[in-house]
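Reader: I am new to this structure. Please take me closely through the place where the ligand sits, and then outward from there.

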Amino acid sequence: MEAQLWKSVRRLAPLQPRFVSVTYGADGSTRERTHAIVHQLSVGMGLTVAPHLTSVGASRRSVLELAARYWDDGIRHLVALRGDAPTGGACNVAAADGFSGSDDLVRGLRMIGNFDLSVAAYPEVHPEARSRKADLEHLKRKIDAGATRAITQFFFDNDAYLRFRDACAGVGIAVSIVPGILPVTRFAQIVRFAAKCGATIPANIAAQFQGLDEDADMRRLVSAAVAINQVEYLRRHGVEEFHFYTLNRADLTYAICHALGLRPRSQYLARRVGFSEAAIAGPV
Ligand SMILES: Cc1cc2nc3c(=O)[nH]c(=O)nc-3n(C[C@H](O)[C@H](O)[C@H](O)COP(=O)(O)OP(=O)(O)OC[C@H]3O[C@@H](n4cnc5c(N)ncnc54)[C@H](O)[C@@H]3O)c2cc1C
């Protein structure tokens, strides 16, 4: 998986994303490896990296220590998340020495440094939310605590996102609500993810993948078309920033960005590629 990661990075880095986010296992088991990868992406490749940090099941001290390490390493952007308990247990019950929630986490991180802080948002409502209104109020608390951007859970129902964006504006959330775009690799897997996180799969999307379970090539073509249409639709509605969930696979995202007009930046290529090839091939 690590080799695959560096292959993906090498492919996508020349497109110069505003930042590259790196997920984090909520049980903390990938802590050291994640830190090493973040360091390599940032120092070795000159990318702006936004490591994810989760607070569930962790002590305040351990989370803040990790954040301080990132700050000392020159990392200025974090994605602050509560996360899910690995055992599937209750998540909103904070450990005695832990953060009470992701809004509390955002406040704590602010005290470490002046980070750019992204948080998660749920256009189709988080499955644990008491109501749509409670979910929105919770997002507002995260922003009021100092978050600078929200990145959404993936969705295929564009109108649900647009209604959510309006609702955010309606309660005074002024930060950018960046849509999370998930290019479909395996449709059956996406159906499982969607059921878990409450994302709907519109019938017209399901129909496009029907009968393609054993046909990976055709699925990729359809998937690119679906994501390109989605981004174009959102762009027509004024959305200017997109967050791609690459799931460690670069080609689909690259093709989508290419079709949408994004091209490798030549100055990045001149400055970095020789170096990054070596960096990627080397140990991290
Ligand atoms: C962009 C993005 C990146 C992610 N990256 C990771 C990752 O790297 N690692 C990982 O393990 N998981 C990741 N996740 C999944 C995430 O951890 C789960 O969705 C988790 O269940 C919620 O985390 P959160 O920070 O959104 O929680 P929160 O926003 O704090 O809470 C989730 C929901 O619970 C309800 N809630 C919580 N507290 C309160 C309260 N006090 N009062 C009322 N309602 C409340 C709200 O409805 C809220 O939307 C990511 C999700 C997204 C959208």
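Author: Start with tyrosine 122. One of its polar side-chain atoms lies 2.6 Å from an oxygen atom of the ligand. This is a predicted model, so every distance here is computed from predicted positions. Aspartate 84 makes a similar approach: an N or O atom of its side chain is 2.5 Å from an oxygen atom of the ligand. Histidine 52 does so too. Its side chain has an N or O atom 2.8 Å from a ligand oxygen.

How much of the ligand does the protein cover? On its own, the ligand has 960 Å² of accessible area, and the protein covers 86% of that.

Now look at what does the covering. There are 24 residues around the ligand. Those that come nearest are Asp84, Ser102, Tyr122, Asp135 and Lys142. By class, the shell has 10 polar, 8 nonpolar and 6 charged residues. Three elements give two or more residues to this shell: β2 (49–54), α5 (132–144) and β5 (149–154). Helix α5 gives the most, with 4 residues.

Ser102 leads on to the next element. Ser102 belongs to helix α4, which covers residues 102–112. Ser102 is also buried, as are Asp103, Asp104, Leu105, Val106, Gly108 and Leu109 of this helix. What do the buried residues of α4 pack against? Two of their partners are β2 and α5, and both of these also give residues to the ligand shell. The other partners are α3 (60–72), β3 (77–81) and β4 (116–121).

Leu109 takes us further in. The largest nonpolar core has 58 residues. Leu109 is among those that touch the most other members, along with Leu41, Leu53, Leu78, Val119, Leu139 and Ile256. Helix α9, residues 216–236, gives the most to this core, with 5 residues.

Follow Ile256 for a moment. Leaving out neighbours within four places in sequence, its contacts are Pro183, Ala224, Ala227, Ile228 and Phe244. A second core stands separate from the first. This one has 14 residues, including Phe156, Phe187, Ile190 and Ala199.

Stay with α9. Tyrosine 233 lies in this helix. Is tyrosine 233 buried or partly exposed? Its relative accessible area is 24%, so tyrosine 233 counts as partly exposed; buried would mean under 20%. Beyond its neighbours within four places in sequence, tyrosine 233 is in contact with Asn158, Asp159 and Leu162. Take asparagine 158. Tyrosine 233 and asparagine 158 are 75 residues apart in sequence, but their C-alpha atoms are 7.9 Å apart in space.

Threonine 34 makes a contrast. Threonine 34 lies in helix α2, residues 31–44. Its relative accessible area is 6%, so threonine 34 is buried. Not counting residues up to four places away in sequence, threonine 34 touches Val22, Thr23, Tyr24 and Tyr70.

Finally, step back to the whole chain. The chain has 11 helices and 7 strands. Of its 284 residues, 47% are buried. Among contacts with a separation of 6 or more, 80% join residues 24 or more positions apart. The pair of tyrosine 233 and asparagine 158, 75 residues apart, is one example of such a long step in sequence. As for the outside, the chain exposes about 14200 Å², and carbon and sulfur atoms supply 53% of that area.

Conventions: Residues numbered from 1 in each chain as written. Predicted model: local features only at pLDDT ≥ 70, side-chain atom pairs only at ≥ 80, totals over all residues. Heavy atoms only, no water. Near = heavy atom within 4 Å. Polar contact = N/O pair within 3.5 Å; in protein donor to acceptor, adjacent residues only side chain to side chain. Areas by Shrake-Rupley, 256 points an atom, 1.4 Å probe, with all protein chains shown as cover. Nonpolar A, V, L, I, M, F, W, Y, C, P; charged D, E, K, R; others polar. Buried < 20%, exposed > 50% of the residue type's maximum accessible area, 1.4 Å probe, protein only. Contact = heavy atoms within 4.5 Å. Core = buried A, V, L, I, M, F, W, Y, C linked by side-chain atoms within 4.5 Å.
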